[in-house]
Number of protein chains: 2
Amino acid sequence: MKLIGLPNIPFIQPGDDLAELMVRAIQQMGLILTYHDIVVIAQKIVSKAEGCLVRLSEVTPSPQAIELAKITGKAAQYVEVVLWDTVAVIRARPNLLLVEHKLGFISANAGIDQSNVGTEPDMVLRLPHDPDASARSIRQRLIELTGAKPPVLIIDSHGRPWRLGTVGVVIGLSGLAPVQDLRGTADLFARKLQHTDVGFADQIAAAASLVMGQAAEGCPIVIVRGLPFTPDEQAKAADVLRPQEMDLFR
Amino acid sequence: MKLIGLPNIPFIQPGDDLAELMVRAIQQMGLILTYHDIVVIAQKIVSKAEGCLVRLSEVTPSPQAIELAKITGKAAQYVEVVLWDTVAVIRARPNLLLVEHKLGFISANAGIDQSNVGTEPDMVLRLPHDPDASARSIRQRLIELTGAKPPVLIIDSHGRPWRLGTVGVVIGLSGLAPVQDLRGTADLFARKLQHTDVGFADQIAAAASLVMGQAAEGCPIVIVRGLPFTPDEQAKAADVLRPQEMDLFR
């Protein structure tokens, strides 16, 4: 398995055609995209291309946002934007605001990002409105431009209970089954494995995240090559979410 | 970044020298191990080499094991072996026994494994007694055999709250800092990032886990090449554990 970070992705502006920038960067490297590849894109540039920017000074915080801002020590306008994308507050503590995003996953600050947004410290970035749709549309455009039809994953970094450090996770996808169910597969000794659901797409997200790096040396698009996957045209990022009634840790 | 799975690793027996088998497999591929590489090893073969096998029919379950066996639907002897390595039961439900392992992490069944252990259905495999020490000793042996001193990670697959599917995580390590603290690093716009601890070693574990696969096509050793890391001779897997008082999800 090989992970190829695309250099030369320019700073993304609203309206930019990510697929086109990607294809150009791939060509500059002398590579060709194939349908065996998997394309992994950092959420941040998708949000930027889709113009998901909010100017905090134009936001009026609700009473709930003001209350949560007091608890967490975060700015009330910022908390208000977090609440726009929140269906349930999971934990609020000093320096922590953990919520269930309206897209279904649990993350700090509903994924609202203040870093690398632009030169204006007042701007924050929301997640794409519908990351699965974003992935589908980027994939469709890749097909138009190259003929290849690689699965597309849009990823973010999430913290975790029990363990330190954020890891890449998939928040939008098109074209592959994100969870591999190995129940019933025989092991080396032909005994049936009882239960092995593998977090396939999240492991790809974690791998790509290593190459993307963070902060200054960022590289927001990674091509994963040489990893067999199960194509699935109906798959969506919500397939990775543990149903609430099966979840013992909320 | 490139991940190279080593084929031709034979079925491991107690007492096998994993470093020697690894070096032979690397040589057969025409490769040379360098100190830029990271070596990732599946826990299972380390446990096998260290002889961490238990014959369930020889185990006498305690009253607590019998009680937990009733709740979870698991065999009482198996639960007894889980309890040997357990400091606290986190959740017990039908088909789920989630515990804090004495090594500090939270995982299902204390990592006790029934699959791919051997032809005897009666045998289970415990985790290595001290996986950091195992990683150190494999690394020491690699230095003796090759002169190279790559970091060594021993990984397992853990389930997670909120999201479906297991992902690779590090349970033993030697030679690199497992969590990268980017606090204070400037972002693209020279604004200070407030808080970005990256789960570096766990992301490597997830990436390697993709290559290892599961079940029949297993490939238990993966070389990670082309990923810069922060050397740390004092690092240990417990550095990745969230201190209990900081953990809101137990």
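The following conversation concerns strand pairing and burial in chain A of a predicted model.

Visitor: How should the numbering and the values be read?
Guide: Residues count from 1 along each chain as its sequence is written, and chains are lettered from A in the order in which they are written. As the model is predicted, local features need pLDDT of at least 70, and side-chain atom pairs count only at pLDDT 80 or more.

Visitor: Is β8(A) mostly covered or uncovered?
Guide: Strand β8 of chain A, residues 152-158, is mostly covered, with 6 of its 7 residues buried. Buried means under 20% relative accessible area with a 1.4 Å probe, protein chains only. Strands are DSSP runs of E, at least two residues, numbered from the N terminus.

Visitor: In which sense does β2(A) pair with β8(A)?
Guide: Strand β2, residues 38-42, pairs with β8(A) in the parallel sense over 4 bridges; pairing requires that DSSP finds at least two bridges between two strands. A:I41 has A:I154 as its bridge partner in β8(A).

Visitor: And how many bridges join β8(A) to β9(A)?
Guide: There are 7, and β8(A) runs antiparallel to β9(A), residues 167-176. A:H158 is bridged to A:V167 of β9(A).

Visitor: Turning to β12(A), how many of its residues are buried?
Guide: In β12(A), residues 221-225, 4 of 5 residues are buried.

Visitor: Which residue of β12(A) is the bridge partner of A:I4?
Guide: That partner is A:I223. Strand β1(A), residues 2-5, is joined to β12(A) by 4 bridges and runs antiparallel to it.

Visitor: What about A:V39 in β12(A)?
Guide: A:V39 also has A:I223 as its bridge partner. Strands β2(A) and β12(A) run antiparallel, joined by 4 bridges.

Note on methods: Side-chain values use heavy atoms; hydrogens and water are left out. Buried means under 20% relative accessible area, exposed over 50%, partly exposed in between (1.4 Å probe, protein chains only).
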